[in-house]
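Hi,

Here is the structure I promised to pass on. Could you have a look at it before we talk?

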Amino acid sequence: QVHLTESGGGLVQAGGALTLSCVGSGTLYSSAAMGWDRQAPGAERELVATINLNDRTTYDESVKGRFTISRNSARDTVYLQMNDLKTEDTAVYFCVFYDLPGWKPYWGQGTQVTVHS
């Protein structure tokens with residue numbers, strides 16, 4: 001079973017920064033794409049950012065220009081650098097690895113990010 005270990009969440013003041021990390025272990029063969037989701041209380045889970053094998057990235061409009069997703073060359077760790085945090089960024093953040101064959105997704109257990117004014 002694939003296990004994703006997340007770290008870096010916590011409480012931060014609005015305008016501050018946090019960096020989330022997620023390390024994958026277990027049976028991962030390709031990590032064809034990696035990303036981060038988030039879910040705020042009472043809201044649907046949404047995709048925040050993705051990165052593919054060519055380091056091409058996508059971002060939700062709400063975080064564009066503030067968040068940066070990256071990975072290591074071994075493709076077992078994904079990062080989310082979050083700058084200029086806003087209260088609306090408060091959510092549980094989940095890392096996701098998409099593996100081949102079939103682009104099978106694996107999610108971490110989530111890490112809480114709380115932004116206060």
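Below is what I found in it, starting with the whole chain and ending with two residues.

First, the small print. This is a predicted model, where local features need pLDDT of at least 70 and side-chain atom pairs count only at pLDDT 80 or more, while totals for chains, interfaces and linings use all residues. Residues are numbered from 1 along each chain as its sequence is written, and side-chain values use heavy atoms, with hydrogens and water left out.

On the fold: the chain has 11 strands and zero helices (both are DSSP runs numbered from the N terminus, helices being H or I with at least four residues and strands E with at least two). The C-alpha trace spans about 45 × 25 × 20 Å along its principal axes. The radius of gyration is 14 Å, which agrees with the value near 13 Å for a compact globule of 117 residues (taken over C-alpha atoms; the globule rule is 2.2 Å times the number of residues to the power 0.38). Of the contacts with a separation of 6 or more, 53% are between residues 24 or more positions apart; contact means heavy atoms within 4.5 Å.

Now the inside. Buried residues make up 39% of the 117 in the chain (buried is under 20% relative accessible area, exposed over 50%, partly exposed in between, with a 1.4 Å probe and protein chains only). The largest nonpolar core holds 25 residues, and Trp-36, Phe-67, Val-78, Leu-80, Met-82 and Tyr-93 touch the most other members. Strands supplying at least two residues each include E3 (18-25), E4 (33-39) and E8 (77-82), and E9 gives the most, with four. A nonpolar core here is a set of buried Ala, Val, Leu, Ile, Met, Phe, Trp, Tyr and Cys residues joined through side-chain atoms within 4.5 Å.

Two residues to click on:

- Tyr-93: leaving aside neighbours within four places in sequence, Tyr-93 is in contact with a list of residues that includes Glu-6, Trp-36, Arg-38, Phe-67 and Val-113.
- Leu-18: this one lies in strand E3 and counts as buried because its relative accessible area is 16%. With neighbours within four places set aside, its contacts include Gly-8, Val-12, Leu-80, Met-82 and Val-113. Leu-18 and Met-34 are 16 residues apart in sequence, and their C-alpha atoms are 19 Å apart in space.

Cheers
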